[in-house]
Every structure is written in structure tokens, then in C-alpha cells.
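Subject: The structure, and what turned up in it

Hello,

Here is the structure I promised to pass on. Please have it open while you read, as the notes below go through it piece by piece.

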Amino acid sequence: MFVAFLYELRARKVPVGAQEAVGLARALAAGLHESSLEGFYHVARAMLVHSEAHLDDFDLAFAQHFRGVHVEAKAVTEELLSWLRDPIKMRALSDEERAMIEELDLEEVLRRFEERLREQRERHDGGNRWIGTGGTSPFGRGGFHPSGIQVGGPAGGRSGAVQNADARRYRPYRSDVTLDVRQIEVALRKLRAFAREGGDRELDIEATIDATARNAGEIEIVTRPPRRPNTRVILMMDVGGSMDPSAALVSQLFSAAKRATHWKELRSYYFHNCVYERVFRTEGLLDPVPVRELLRECGKHHKLVMVGDASMAPYELLGSSGSGGGAGSSFDPDARLPGVAWLMMLRDHFDRAVWLNPDGIGPYPHPTVDAIKSIFPMFALTLEGLGEAIAELVRGRGRGRA
């Protein structure tokens, strides 16, 4: 049965293969699932899911594949099940009678259940001890007990495992959902880089152990300069116009970047639609900073993150600020450079640069999106997309694609 389930997972892009299939088969052969669907759910999830991004897809596949499967807590004989399929109607209980019913923990319920299975020889209805119907026993159908378990059930009933999968507790971990601030913060931590800098020195434990061993056991203390954050990030964000629907998402990205404590330096700038000869320190496009000045101040080791939908009129990308593409003077030579030239200038300067698109990467061609995608590695602003963008920034031009 579980082989078909593996194909269901693969259909949902959960990476499982022969290695996972063999591992799961061994776990089942060892009885780790305790011969129950509930146990299979937890064992399979532990062995087949390698990333939290696939937890929700696992639940979806499990609920789809096992929906309608009704599994008994223990092996129950067909004769006993036939008694339970036709339960009698339970009489109404008074508050005093309800209060008198003993409440049991799960371990005691299961112990008593196995004991009754060994002893019971006939049908029982309305009682408080045997596996029956319409009574106050901890086991059976159609009765009442504060800590009992139901045995049997209507056709198509769902097990606890399927109910657990249907709850979809891991929906926020899906890779195709947009991010919240916490998820962005976790992703951005992967950009951390450290360098040795002068100042107060710290103990180098590994070098101290090595030096002590070489010194016949006499302690030899070795120190080193402390490691300091060395990640420098430039964040450029498109604002206004078609970006308005994505304003909240971009604000979350900006908030997470500002809250991060592992940056050596974070610079944030704004532009509208396309970068021309200047970017701005405020989202109201005030306090301009010339792009050439920015490039002189920032080295190639800075990581450039562009955020925008890349969707604009072609003249805004291929035209200049002096020709109506933005704000500037037509007498300034830089003002006559087209937007695409400034984007290429930025990309050529920084070894590590990506473009995050809150609209995602659609399957249909778009002239300006495709043009910008040919300049910057472009990723969707989702959990999966941000992870890929971080990997691109860590890899850099020298060790990956240009």
C-alpha cells in the first residue's frame, strides 16, 4: 500500500525515492508503526520528509491516499465487529451517573481493552465493562465514557491519523506561500558571513588543544582575533504603481532586514519602476543618492538585493530619466542613459546580486520582466524563492552563474 503512497508524494513534488522506500520498509518490518495507521503516519513523516517546506504536502498526500480507510486500534475479530455494527440506542444518563463514570488514562484504557479482547465470548449491550454498544464501558460504539475509545464505526469513518493530516498544521511551511517577518528573518540568517578583526582576542579552543598536545600536556593557550559579522547588504525596493498591492510583503522583508543583527552594514534605497541615475533614501522618493556615488562607496563584496515586480512600460526600461522615464535633467549626460543601462551597471559592479519578484515568475512572457531576468537572477518572493535567492547570493558570481 505504501508504494502507491510514495507516488502520491512524488506527484506533489515531495522528493522521495528508492532510498526512502527501503528505509520505510525496514521501519515497518521492525514494527515501529505498531501496526496502526496512526503509527504509520508518524513513522512515514519522520522518514520521508526532509524539509519543513514539504510537511503540508505530506499531509495533503496522506489525507488523499488514506481517506476512507478505517483501521481498528487492535486486531478485532469479525464476530465482534458484527456486534458493533448494529449498536443499540443508549438511554439518557443523569448528571450523577455521568459523574460516577471512572476517567482513565490512555495506557489504562488500552490495557483493559486487550484484557477484554482475550476474555469476551458474547455480545454485550448497555453495560459498563465489556466491549459493547449503548453503555458506559470505555470501549465500543454508541455509548458514553469520558476517556474511552471507539471500536468499529460507520463505513468511511476516518482514523486519527487522517484527521491529523486533514488539520494541516504545517500549512505555513509550504514553499509556495508568501513570507511573514519571522520566516524572512530565518532565511536571511543564511547570509551571515564572519571575518577575523582586531581588538580583544578570544580563546581558540581547537588550536589550544593542538598546541597543548604538542607541548607534552603542558597547557598552551592560543588566542585569535574575534569573529565579527562581515555581511554588507544593499536593499533596493520598487515603490508605487503596480507595487502597491505588494507593499505589505515588501514592508515585511524590509522589517526583517532591519531587525537582523548579523549585518556588518545594511543600506536601503527606493526607486520607482526602474533605476535611473539616482536612487532615494525614502519611499517618498526624497533624499536622492547618485548611483555612481553609491558604486564608488560600495565594493564588489556587497550583496545587492533588488525587489520589484519588474513590470513596466517598455519605454521606462529602455528610455532614460531625461526622456520621461524618471525625474532628472536632460542636460545631465547620465540622465540620457536608459534604465536598462543602469541595471546592467549595478549587476556588473556587484559579484553577488539577485532580484526578488513579489509577483512570482509567471509562465507567460513579459517584455520587461524577461529583459530584467536576463540581467539579474530572478526569484519569487516566497519561502522557496527566498531560499534559492540566498543560495545564489552565498554562491556568488565566481562560483555560480554570472
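In what follows, two residues are in contact when they have heavy atoms within 4.5 Å of each other. Please also keep in mind that this is a predicted model.

Let me start with N357, which is found in strand β13, residues 352-357. Is N357 buried or exposed? Its relative accessibility is 1%, and buried means under 20%, so N357 counts as buried. Leaving aside neighbours within four places in sequence, N357 is in contact with G308, D309, A310, V369, M378, F379, A380 and L381. The side chain of N357 also has polar partners in the backbone. One of its polar atoms lies 3.2 Å from the backbone oxygen of D309, and a polar atom of this side chain lies 2.9 Å from the backbone nitrogen of D359.

Strand β13 also holds W355, which brings me to the aromatic rings. How many aromatic pairs does the structure hold? There are 10 aromatic pairs. In one of them, F5 and F58 have ring centres 5.6 Å apart and planes at 80°, so this pair is edge-to-face. F5 sits in helix α1 (residues 2-11) and F58 in helix α4, so the pair links distant parts of the chain, 53 residues apart. Both F5 and F58 are buried.

Another pair is W355 with F376, which is tilted: the distance is 5.7 Å centre to centre, with 55° between the planes. W355 lies in strand β13 and F376 in the loop between α15 (367-373) and β14, so the pair ties together parts that are 21 residues apart in sequence. W355 is buried, with a relative accessible area of 1%, and F376 also counts as buried, at 1% relative accessibility.

Back to F58 for a moment: F5, F40, Y41, F58 and F62 form one aromatic cluster. F58 and F62 are among the buried residues of α4. What span should the 12 residues of α4 (residues 55-66) have? At 1.5 Å a residue the expected value is 16 Å, and the end C-alpha atoms are 16 Å apart, which agrees. Helix α4 is mostly covered, with 9 of its 12 residues buried. Besides the two phenylalanines just named, the buried set includes L55, D56, D57, D59, A61, A63 and F66.

Helix α11 (residues 247-259) is worth viewing from its end. Its 13 residues reach 18 Å from the first C-alpha to the last, close to the 18 Å expected at 1.5 Å a residue. Which residues of α11 are buried? They are L249, V250, L253, A256 and A257. These cover an arc of only 120° around the axis, which puts them on the same side of α11. An α-helix has 3.6 residues a turn, so residues three or four places apart point the same way. The face of α11 turned away from the buried side carries the exposed residues A248, K258 and R259.

Last comes T382, placed in the loop between β14 (378-380) and α16 (383-399). T382 is buried, with a relative accessible area of 16%. Its side chain reaches the backbone nitrogen of G385 at 3.1 Å. T382 and I184 are 198 residues apart along the chain, while their C-alpha atoms are separated by 9.2 Å.

Happy viewing, and best wishes!

How values were computed:
Residues numbered from 1 in each chain as written. Predicted model: local features only at pLDDT ≥ 70, side-chain atom pairs only at ≥ 80, totals over all residues. Heavy atoms only, no water. Helix = DSSP H or I, 4+ residues; strand = E, 2+ residues; numbered from the N terminus. Buried < 20%, exposed > 50% of the residue type's maximum accessible area, 1.4 Å probe, protein only. Polar contact = N/O pair within 3.5 Å; in protein donor to acceptor, adjacent residues only side chain to side chain. Expected span 1.5 Å × (residues − 1). Arc of directions from axis to C-beta. Phe/Tyr/Trp six-rings, centres within 6.5 Å; stacked < 30°, edge-to-face > 60°.
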